[in-house]
Amino acid sequence: MLTPHGLVEMPAFMPVGTQGTVKGVTVEQLQATAAQMVLGNTYHLSLRPGEGVVEELGGLHAFMGWPGPILTDSGGFQIFSLAQMTRISEEGAVFRSHIDGRLVSLSPEQAVAIQEALGSDVAMVLDHVVALPNELDAIRDAMERTVRWARRCRDAARRAGQAQFGIVQGGLDESLRIECAEQLVELDFAGYAIGGLSVGETPGEMYRVLDFTVPALPRGKPRYLMGVGRPQDLLTAIGLGVDLFDCVMPTRNGRNALAFTDEGPLRLRNRQFERDPRPLETACPCAACRHSRGYLRHLFMAGEMLGPILLSIHNLTYYQRLLAGARAAISEDRFSDYRLAKMQSWGVPIGM
Ligand SMILES: [Zn+2]
């Protein structure tokens, strides 16, 4: 995918830079993980510091000092998950800020205008996310509103060079998902996201939704699975045709002393690592892997801030290495073997 700030090789994983920073990691450290594109959160940045401040300071790229491609979400998921007392009408969403409780509105047109002020390379349409499980009528209602809002977002887009992606909703229901995908494809977006997953359904249910939704989206355009996920979710979704991912898991888990490795996740607070002289992974080039597991464990036990920083760096590097491996395997036509070998080394049953 070519953007105004460079090429993104697919499949790709985007670290999440919620508030204009990937938590705990400098831009140079982030670049060293081989991240190509980062995600910024419209909801957070519009509440604080406000898109006007970001725009005045040169746009999100200059503001956070990240020279590469940036995708911004629309705020739909955060309104669903973070805001309080959200009310959705046809016009848009009205909610209370989770920061100071003030009443804020967000319409499809405002979601576009905020992302244009932030100046991201890829903007997302505003969607209506509902919790799962839910009544089929409520899921259909939100899906149909998502399509109407997608059309309003498309019609409101003005910024040259900023691509816009539609978002497929429809819960776990096959006919709703396909209907939504077909209507969005008619609107001709630059790419398509599959939203409303990772909201309480099982991994098996998510894979089933991907299995019937991905084929309804154009092969020649990026297909983005929002907010997912674990390493096994990424490889399974790639096998089903997904190109793009974002997730807080590498950084959030890193801050909580969990390291992703080819042996599966290591919980560094465990006593077994107290005298372990080995790095997290011998083949990993990251800054954390210059140290022993025993030292990293010590940092967490002593409450030193370097522990969460180093583990975030390692996990981000692990995800990028996993995706680079997937790209190489795809180009050499051995992706199934690559996925099976990783699943085996993690001890994850196939299909989970
Ligand atoms: Zn490492």
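These legends go with three close-up views of a predicted model. Residues are numbered from 1 along each chain as its sequence is written, and side-chain values use heavy atoms, without hydrogens or water. Local features need pLDDT of at least 70, side-chain atom pairs count only at pLDDT 80 or more, and totals for chains, interfaces and linings use all residues.

**View 1. The zinc ion and its protein donors.** Meet Cys-284 (SG), Cys-286 (SG), Cys-289 (SG) and His-314 (ND1), which lie 2.1 to 2.3 Å from the zinc ion; donors are N, O and S atoms within 2.8 Å of the metal (3.2 Å for Na, K and Ca). In sequence, the donor residues follow the spacing C-x1-C-x2-C-x24-H. The site is tetrahedral, with angles of 100 to 114 degrees among its four donor atoms; that label requires all angles to lie between 85 and 135 degrees. For comparison, the ideal angle for four tetrahedral donors is 109.5 degrees. Cys-284 and Cys-289 are both buried (under 20% relative accessible area, 1.4 Å probe, protein chains only).

**View 2. A closed barrel of eight strands.** Follow the order S3-S4-S5-S9-S10-S11-S12-S13, with parallel pairing; strands are DSSP E runs of at least two residues, helices H or I runs of at least four, and two strands pair if DSSP finds at least two bridges between them. S10 (residues 163-168) and S11 (residues 191-194) are joined by four bridges, and Ile-167 stands opposite Ala-193 in S11.

**View 3. Helix H9 and its surroundings.** Among the buried residues of H9 (residues 203-213) are Met-206, Tyr-207 and Phe-212. Their cover includes S10, H8, S11, strand S12 (223-225) and helix H10 (231-239).

Definitions and conventions: Tetrahedral: all angles 85-135°; square planar, octahedral: opposite > 155°, others 65-115°. Buried < 20%, exposed > 50% of the residue type's maximum accessible area, 1.4 Å probe, protein only. Contact = heavy atoms within 4.5 Å.
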